[in-house]
Amino acid sequence: METYLWITSVWGVYLAIAVFVVGMAWRIYQWSTTPKSPIRLGMFPKPKTTAGRIGKMLTDTFVAPQSMKIEPTMWFFAMAFHIAALGAFVGHLRILGEYPILPGLLEKVGITMNDFAAWSGSIAGILMLVGVLYWIARRTYGPYKNLSVPEDYLLLFLLLGVVVMGDHMRFVYGGIIHAATYREWFLNLLAFKPAFPAELLESNVGISLGTHMLFTDLFLMYFPFSKLVHSIGAFSSNLVRSE
Amino acid sequence: MDSSQLNTLTGVIDKKMNRQLKVYLDTCARCAICKDACHQYVGTGDFKYLPARRAELIRQVYKKYFTKSGEFVPALYEARDPDDNLLDELYDSAYACTGCRRCMLVCPFSIDTAWILSVAKAILIAAGRGNEMLGQLADAALFKADNFEMFKDVIVDGFKDIEAEVREITGNPNAQVPVDKQGADILYVALAGAHSIRPAAVIFEEAGANWTISMFEAANYGFFYGDVEKARLITKRFIDEAKRLGVKEIVVPECGHAYRVLELFYEAWSKEKMPFKVSHILEKVDEYIKDGSITVEKGLLKGTVTYHDPCQIGRNGGIFEQPRDIVKSLTDSFVDLTPNRAEQWCCGGGGGIVAIEELKDVRLASGSKKVEQLRASGATVLACPCENCRLQIQELNEVHELGIDVVQVIDLVVDAMPLKGKKPVHL
């Protein structure tokens, strides 16, 4: 067990972060050093001011009103997934340090931070799972299947692994191991003094955490070389829309 | 496939590469939300017309030869060589596309499939597989410029005939179709055929405009063919003419792509700034009506009139309101199609497809949405300022027995002008 954790949750994390950061930097470098076409590819009506253009780009990227109009179901699941993913990301920040203010506010209404995390994490975890399952289902039939390439399935497989194991930790061990324990592990990692807290090793969460991290490592390492660069590319291409 | 051919074709992608293209090729998530935006996919249900699929063909080659990940694990992306099979698929996808960019409208990343397909066409041309008809029409336009003396007399005679008609229509014996007029303000670049010159001449003459007619036509088959150099040279024919005559403004006729090519593409192609303004004829007509240069009367038009936004003028050109204002000044019975303006359905006739006989079935099937829209509107007259749209919608009109008159906007304007002469009848 300890070896598995060392591979996936220590060395794997270092490698994944390195590959992710360098990969994304390389991607952005490639994009920014490729000359722009002098032809304006925008479509009308387009905002006249720079502020208007940026506003439209942000709306198109974060709300995608035209996509909502043409396929509301897809839009709903995509939105639910992305918002849940953002929520989960923000929730994970707790392993860097406890939030300021929020625990105090919650205490006033009689809720502990751990309870709040359990609820919000559960909702995000379920929504992400539903989103991933929706996308997998969508790729199994008709034109969606014909259009899919192995990359699509690989990413969904990795994502499914990340989410299922994350949910496993949330729903099975959520009441036993709390953020404080994971925080100890992760801060050790960031300080380049990797070590696992005894509490974590004594519990059975190890296999769960290790597998969650295994999928996360692979997911992050593949991220810059996959279509997931839409997470940054969308800003650029949506800005071109009003050029 | 042999390596010299491979080098040529991947070289085309390399030459065409730019930031927009790279981002488009890297980011598509294959979510297929573009599926229901494409009139061709909706009308035929054929997978090869799904916009993301069309782009995917170029992406497969790009992945294999322009990305490390695709080079190492091509299977992951179904990356492949631009071999005969791929080129066959590419031909159908690229030359069937009307370039309406409705897929770009709905794409959460605003991926311009038509832009990716411009690379597809360049690859096909380099492989000697460009569409023959479009290529010949482009070459014919260039031949005319290179051997202009051969054509000049016939063209000028044609203008004289139209001038006689204009005099009859306006009842003004001094009305003109000015040819080669040095110092004119406006150079009107028409389409081949008197229909695009006659009503424009009536309007210019009645408005008292200082105008002249171009010896060349605005249509650009080089653009449809996908050869940027030919497209540039075809446009350059009348750019040079405009410079020589010293005009202040070029006015393009009721043609979709001519406007977009001139307003949005030409300066980038030629790398020089045009010393004159570019207007669509309907922008001028709208001006003339609003400033009182010409008079139009309501009540002369019979029936309910609707308006079709040609993709290259509307969504891709930015002219939405002037044509509507014109039509509304002619009749009280105006209805809009639903959806309209930026969301307008392509009629299915753009991108040169009306000239490609082998794609006729696809083209007619792809008009299903337009037919639906027209039926739902209850209109009896369709004002349509694009030649390709008119040809397509007229054919749909016959096939589906819609009983709609499909007419140029300037024809309707002339119909509604109180003129002393004998007016042609369009409705």
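Two strands are counted as paired if DSSP finds at least two bridges between them, and with that in mind I would like to begin with chain B of this predicted model. Chain B contains an open sheet of four strands, whose order is E6-E5-E7-E8 and whose pairing is parallel. At its edges sit strand E6, residues 334–336, and strand E8, residues 405–407, each of which pairs on one side only. From one strand to the next, the twist averages 30 degrees.

If you look inside this sheet, strand E5, residues 305–307, and strand E7, residues 381–383, both of chain B, are joined in the parallel sense over three bridges. To take one position, B:Thr306 has B:Leu382 in E7(B) as its bridge partner. Across E5, E6 and E7 of chain B lies helix H17, residues 321–330, which runs at about 175 degrees to E5(B). Following the chain beyond E6, we come to the loop between E6 and helix H18 (360–365) of chain B, and this loop is the place of B:Pro339. The peptide bond that leads from B:Thr338 into B:Pro339 is cis, with omega near -5 degrees.

Chain B also holds another open sheet of four strands, with the order E2-E1-E3-E4 and parallel pairing. Which strands form its edges? They are strand E2 (211–213) and strand E4 (277–280) of chain B, and each of them pairs on one side only. On average, and with direction ignored, neighbouring strands of this sheet are turned by 25 degrees against each other. Strand E1, residues 186–188 of chain B, pairs with E2(B) in the parallel sense over three bridges, and within E2(B) it is B:Trp211 that stands opposite B:Ile186. Helix H16, residues 281–290 of chain B, lies across strand E3 (249–252) and E4 of that chain, and its direction is at about 80 degrees to E4(B).

Let me turn now to chain A, and to a pair of its helices. Two packed helices are described by the angle between their axes and the distance between the axes. Helix H1, residues 2–33, and helix H11, residues 205–222, both of chain A, pack at an angle of about 20 degrees, and their axes are 9 Å apart. Because angles under 35 degrees count as roughly parallel, H1(A) is described as roughly parallel to H11(A). The crossing in which H1(A) passes H11(A) is left-handed. Among the residues that make this contact are A:Leu5, A:Gly12, A:Val13 and A:Phe20 on H1(A), and A:Leu209, A:Gly210, A:Met213 and A:Asp217 on H11(A). Sorted by class, the contact of H1(A) with H11(A) has 12 nonpolar, five polar and one charged residues.

Two loops of chain A deserve a brief word as well. Most residues other than glycine have a negative phi, and most peptide bonds are trans. In the loop between H1 and helix H2 (50–62) of chain A we find A:Pro45, and the peptide bond from A:Phe44 to A:Pro45 is cis, with omega near -10 degrees. The loop between helix H9 (179–190) and helix H10 (198–202) of chain A contains A:Phe192, whose phi is positive, near 55 degrees, although the residue is not a glycine.

How do the two chains come together? Their contact takes 40 residues from chain A and 46 residues from chain B. On the side of chain A that touches chain B, at least two residues each are supplied by helix H3 (65–70), helix H7 (142–147), helix H8 (150–172) and helix H12 (230–240) of chain A. The largest share of that side, seven residues, comes from H12(A). By class, the side of chain A that touches chain B has 21 nonpolar, 11 polar and eight charged residues.

Across the interface, the axes of H12(A) and helix H2, residues 19–27 of chain B, come within 10 Å and cross at roughly 140 degrees. That angle makes H12(A) oblique to H2(B), and H12(A) passes H2(B) in a left-handed crossing. The residues in this contact include A:His230, A:Ala234 and A:Val240 of H12(A), together with B:Val23, B:Tyr24 and B:Asp26 of H2(B). By class, the contact of H12(A) with H2(B) has four nonpolar, six polar and one charged residues.

I will finish with the confidence scores. The model scores ipTM 0.95 and pTM 0.95, while chain B averages a pLDDT of 96, with 100% of the residues at a score of at least 70.

Methods. Residues numbered from 1 in each chain as written. Chains lettered and ligands numbered in written order. Predicted model: local features only at pLDDT ≥ 70, side-chain atom pairs only at ≥ 80, totals over all residues. Axes fitted to C-alpha atoms, helices over the stretch in contact; angles between N-to-C directions. Contact = placed C-beta atoms within 7 Å. Nonpolar A, V, L, I, M, F, W, Y, C, P; charged D, E, K, R; others polar. Parallel < 35°, antiparallel > 145°, perpendicular 65-115°, else oblique. Left-handed = near helix turned anticlockwise from the far one by under 90°. pLDDT = per-residue confidence, 0-100.
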